[in-house]
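Reader: I should be grateful for a close look at a single part of this assembly. Please describe one helix in detail and then set it in its wider surroundings.
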Amino acid sequence: MTEKPKVAWYWCASCGGCEESFVDLAERLLKVFEAVDIVFCPVAMDFKREDVEKLPDGSITVALINGGIRLKEHEEMVKLLRKKSKIVIAYGACSAWGGIPGLANLYNLDEVIERKYLEVPTVENPKEVMPTKKTIVNIPEAGIKAEIELTEPLPVLLPLDKVIDVDYYIPGCPPTPDVFWNALQALLSGNLPPKGSVIGASQKSVCDECPLNETKPEKILVKEFKRPDKAMAKPNECLLAQGFLCMGPVTRGGCKSLCPQANMPCTGCFGMLDGIVDFGGKAISYFGSILDYSPLEEREIKDAYEKVPDWVGVVYRYSLAASKLGHKARLKKVERIKEVTEI
Amino acid sequence: MSDFEPKIVVYACNWCTYAATDLAGTSRMSYPENVRIIRVMCSGRVDPQFVLQAFADGADGVIVAGCHPPADCHYLEGNYKAYRRFELFRKLLESFGIEKERFRLEWISAAEASRWVQVVNEMVAELKKLGPLKKNLEVKE
Amino acid sequence: MTEPRIGVYVCHCGFNIAGTVDVKKVAEYAKTLPNVVVARDYVFMCSEPGQDLIKQDIKEHNLNRVVVASCSPSLHEVTFRTAVAEAGLNKYLMEMANIREHCSWVHHDKEKATEKAKEIVRMAVAKARYLDPLEELEVKAEQSALVLGGGVAGLRAALELANYGLQVYLVEKSPTIGGKAALIGYVDPKTKGAEIVSKMFELIKECPRIHIFTNSELIQLSGFAGNYTAKIRVNPRYVTEKCTLCGECEEVCPIEISNEYNFGLNKRKAIFLPFNNAYPPYYAIDHRVCVKCGECEKVCRFGAINLKQEPKIVELKVGALVIATGYDPYRPFKGEYGYGLHESIITLFQLARMLDPESPTKGELIIGGKIPKSIAFIQCVGSRNTTPGAKEYCSRMCCTTAINNAIKIKEKYPDTNVYIIYKDIMTYGSDESLYEEAGKKLVQFVKFEDKIPRVLITPEGLFIEVFEYTIQENIRIPVDAIVLSIGMLPPRDIEELIAVTRVSCGGEGFVREAHLKLAPVEAPTKGIFLAGCITGPKNILESIRMGSAAAAKAMSLLSKGKITIEPMIAQVNEEKCSGCAICVGVCPYSAISIKNVNGDRVAYVEKALCMGCGTCNAACPSGAMQHLGFKDVQLLAQTRAVFGGEVNV
Amino acid sequence: MSSVLIVGGGVAGIQAALDLAEQGIEVYLVDKAPSVGGKMAYLDKTFPTLDCASCILAPKMAALLRYPNIKLIMNSEVLEVSGRAGNFRVKILKKPTYVDWSKCNGCGVCTEKCPTKVPNEYNMGLSQRRAIYIMFPQAVPKRAIIDAEHCIRLNPPPKAKEKAKGPLCGVCERNCPTKAIRYDQQPEIIDLNVAAIIIATGMELYDPKNLPELGYGKHQNVYTNLEFERLVSATGPTNGEIVRKSDGKHPRKIAWIQCVGSRDVRFNHYCSAYCCMAATKQAILAKEHLPNVECTVYYMDIRAFGKGFNEFLERAKKEFGVRYIRGKVRIDEIPESKNLKIVYEDTAESYLKTEEYDMVVLSMAVTPNSKLSIPLELAEGGFIKLKNPYLDPVSTTIEGIFVVGAVAGAKDIPDSVTEASAAAARAALIAKRLACPTPEVVK
């Protein structure tokens, strides 16, 4: 019998949602196990890095990688997987465009670390203990003498394809089971689109699948922009036409418009369509187009824009790291990480 | 840094600003070499994506220029649309920490060659003060 | 796409370019750019030999793109497009690099200028790589026109167009053509509006190509320039051409209402003849008030009355539309300068009508039952913000009309005192002579400024109290009659007009023209033209000229029998379009709509309506809408080329 | 297909030409100037929209070149017209330009090299041009022309002539890259056969020197409104910098005087129709250029009769604080400051007042260019008479000859453009032999 294709499954800077989506395949999961051998999957199985290193180059059929590249370790691992795999797939929004963690690129690393270790409400750190590259533990009475090295963060979070060559993308935060399933079908059947394509999703935007698309008025012109936390959306009426900042028009379909159908504006987790070069830039362009004022009404226009506190968060929620200008990291020495601490 | 020569990409509408740049030429006015003009039919055609691309590729400044509101636009209100898009666009630049002087939306009529020259001179001077954009931006490719 | 083979041609333009730019270096550099197979420089590319150079290369090196680095496209784009076309290449595969106006003429440092020229060429080459061949489309142009409104402007337009050989459909909502000019009495000291109109009727009657629909309105308009489909509702007249104008029906008709054809100076019946020599020359029944009692039907000896008539819908194919639906007189509110409170306070229209021999008073000036010994015109009633509810604009014709009628009164009743109480006398241009004339005839002019005159209705009679600006005193003028010089309003039904024809309105409520200064008779939408007061107040002469002018535009549009459509317009890729409809709202020409293509919502561009501004392309979130000649990929390529980069989309 | 002659290449003439050409009719457009554009080409902005004149005119001028069936006959005038509607014979005198326009490509090298400087008519003499020149940057056709009177080659100063052996100068000839200079060019007569003629010769400004009480020409800082238009224009002698002739300083107070030569029994009875709004526009422009300048308009009646005019007037008063005073004026110069003392009767207070300004602009009357070699009847004011404007719009007293624009009566741009299109319609009917001129209509 011919041996099954080998699949590696790795996570970088991700939340675990992508792994969840894997589980969400439910009974279809069994079909997957019949079809493939899983050779590497830190989240579920105890394979070590060495095991991968032992594998001959190109021996892994498909490596599914989720999460953005935030740490040196991520970088090393994905480079290793690239070497060992025939096909590398950026799985999920984070891996494809940086995702939510990518929004950290608006700040330099020190700001990020301070935020994470000192400021966030969930952290209690009166001694201001900060991460350390190398920790020397020396407790003679216990006869313990060890050095622990911590991997270093990169100055910015990078999408997978900024670090290694990526063959295909599976979009979503996380990808819906159907999208994942479609993608698997394509992979297993072997009839794949040209390298660099998005697989498993649609070639049209979310509006195409959205039942509310039919409810649009002839012309979409709004006087103000609304957000779901501030305004109540009328059900069964196009959210954009109501003035909500819905990313549906600019976002790749395939999700079956889950959010809009739940009266929640699309946030853009499936990323942009082919031919668009900057997700947020494009979104800005159409939001600016539907605002119904003339330049003589400067005040009204400015107000309408002011009402939305965080435009970057709206238009680049999942794609800042992959955007044309979405990095602000200064090239200055990172000070908040100490070289050595001794205990 | 005095030897620094900024690069400015200009998107000029065919009917007003492009005509003004032509007039500046035919009237043999003189201005620094730093601008590169891209012709579009209407400022309403200019997509913020282009401007982002220009900055990402190393433009130190970008100008989008069209006809004076309210009445000059050859297409009734293309300039209105440009205005609304780029007012919002400025907010992105702000969040990205890109100085506001690096992007200008200008209304320059076909007769205002001198205005065109003035805009170029001003911007070149400002950008020389600011220095190159790449300096404080790390763009990993 | 076949691999681009680009030829680059650098022009010296004598010394204009070569003087500051090292053209040889630029050409050499161009050779190093991707897809460039040949690059040359020449003293005058626009000259015959220069063009031949390009044509030869296109053949020899089978070039499929050409870049000319010379002057501004506004100068020679046409020239070089024609040149490449003559060499059998699609003319839209030529791109110009403007190294004269944008480089050699504005810079002096030869080295820097040369470097810049290289980059400008590099940008042009980058764009050229992505150029597509484009075809001008041609659509058939219907040899017919629809004229809305049978006033002088509409009639004039109809005459010109019919004489030009076009089939003309004239649609008028009232039972007769002629409009207000027919009722307005004297339009200048010598000419009566009614005379002009009846002379025009003569011409119309002789003109075989004019089909008149009275009692009719345009209810639907679809299509585009050259190919409009218009739906007309023809409301029943209930009186057929058998009518001999005997007038017996009128006698027996029980319904009596105020006669709008005399501006309410008298009453008319439900069955009526609008005015003598109205056209078509038959009675008509006012369906809004007729109770269908049938008396008229009984009495008519010619069987000309048929109360069973039903409205019918007519569908017409027309190439162009002329809108000439005119204006409504300003409607003073009750009590505005005493209007409606005293029988001797009338409007300018009523007075003008009165002085027409055809009027109920047979041209006699009889107000409140007597010939006034003194009469005052109050100007700017409803115009220039003189009263609450008044418009800000000037109604243009009221001063001249008032003065003209004042002169008439003075001629007929020399010892009647005539006052004109005004803010500014607007007898512009040659009409000034009337102002002088009135002065000579001792018409008395009283100027007010911000403080508006007051009308006092007292037992002793009528008075006008006004602060006389030139003497800076309050004066009280006793008068027997007061004439309110009311201005013009947009027609009541302008809303329907907008809904049906998609024309738009300015702040003052009249229809907006394509350009206030240089396109005064064109609507922004191609194929729709404007005449007369629909765009704002005019006098009769101006309206008539607008009629001819609008006709000229329609002639130009239709004369070739076909309409060519610029190919540099928006194009939808239905594979990508999700029908999000954002483009629909941004199009200034309503050229885009959402169509259902086998169950899928997709945008549809009406090519003939698109003017190629590209704003829909900028707005389109999915990149489905592309502005041909300025596509995303083309402009991105140009942008990236500034920095030597390649586009990757 | 027969052709139409248009006399006068102003905005009206251009519009008529385009409307006819679009119908495939052959058009001859004759103008005495070396470029089309007429008076509108001198304007900076237009009322009431304030959009820039060249932005909207230049494309129309350029469009003329795109029609092979439009023949531009510049620097020429009509000598005589004979024949009748449907078949006029026209003689045209084409004056020499001394440049072969088939070779000249408007590169302008000659205009830089030419040694002789002359006052530039296009800037009302407020700047200089060379003896060989291109009328203005957007000129159509863009061709050089030698001003024979001032060219030292064609009209050498006597002394220099004696000294010199061969011909003088010749700089332009030596520098012309296309070898287009023709010092020996002669006037030529062009004979045309046309079906119809459209007169669009427009107007001139009335000569302000006829009103000595206003001191134009005597007082340096008194300008005509057309001079002021060039002064504020971005393409003008000062690139739009408003400065006084006397001392190059910015004015602080500017006055506009209305009805100069119009509505005045001594000169012209008619109202010139454009000036109230033009002055209002210029006051607003002045305010835009110099925010602190005070603008005052002296008028008799403000004639804000056109679309958007009264709104525009109100804007000038409220938004820009332009002051309007009703009264007739006299102007004296204050020798030291070269400022101007305006003596006027404020009809509001009806006694004499004086006020000092440092710049005064005269809103000049227009006078028709109706002195033509065609025997057309004139109306009051010297405007060309219309036969029967109600039934035969824009027709002169000669069948087949139409008249449009300011030569048929003072009027603004939109009215002129409308008439131009109207004339195009009427002329087309004749040119296409579709109708004998109304009233008879084809059966």
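Author: The model is a predicted one. A suitable starting point is the domain assignment of chain C, which lists domain 1 (6-134), domain 2 (144-327 + 525-558), domain 3 (329-489) and domain 4 (566-628). Between the centres of domain 3 of chain C and domain 4 of chain C, taken over C-alpha atoms, there are 55 Å.

The helix chosen for the close look is H10 of chain A, residues 279-290. Its twelve residues should span 16 Å at 1.5 Å a residue, and the end C-alpha atoms lie 17 Å apart, which agrees. Twelve of the twelve residues of H10(A) are buried, so the helix is largely enclosed by the rest of the structure. Among these buried residues are A:Phe279, A:Ile284, A:Tyr286, A:Phe287 and A:Ile290, and they also include A:Lys282, A:Ser285 and A:Ser289.

The packing partners of these buried residues come from chains A, B and C. Chain A supplies helix H12 (311-315), chain B supplies helix H2 (48-57) and helix H3 (78-95), and chain C supplies helix H16 (582-586) and helix H17 (615-619).

Chain C also meets chain D: 59 residues of chain C are in contact with 65 residues of chain D. On the chain D side, the elements giving two or more residues are helix H1 (11-22), helix H2 (53-66), helix H8 (309-318) and helix H9 (413-431). Of these, H9(D) gives the most, with 13 residues. By class, that side of chain D has 32 nonpolar, 16 polar and 17 charged residues.

Note on methods: Residues numbered from 1 in each chain as written. Chains lettered and ligands numbered in written order. Predicted model: local features only at pLDDT ≥ 70, side-chain atom pairs only at ≥ 80, totals over all residues. Domains from an automatic or database assignment. Helix = DSSP H or I, 4+ residues; strand = E, 2+ residues; numbered from the N terminus. Expected span 1.5 Å × (residues − 1). Buried ≥ 20, exposed ≤ 12 C-beta atoms within 10 Å, placed from the backbone. Contact = placed C-beta atoms within 7 Å. Nonpolar A, V, L, I, M, F, W, Y, C, P; charged D, E, K, R; others polar.
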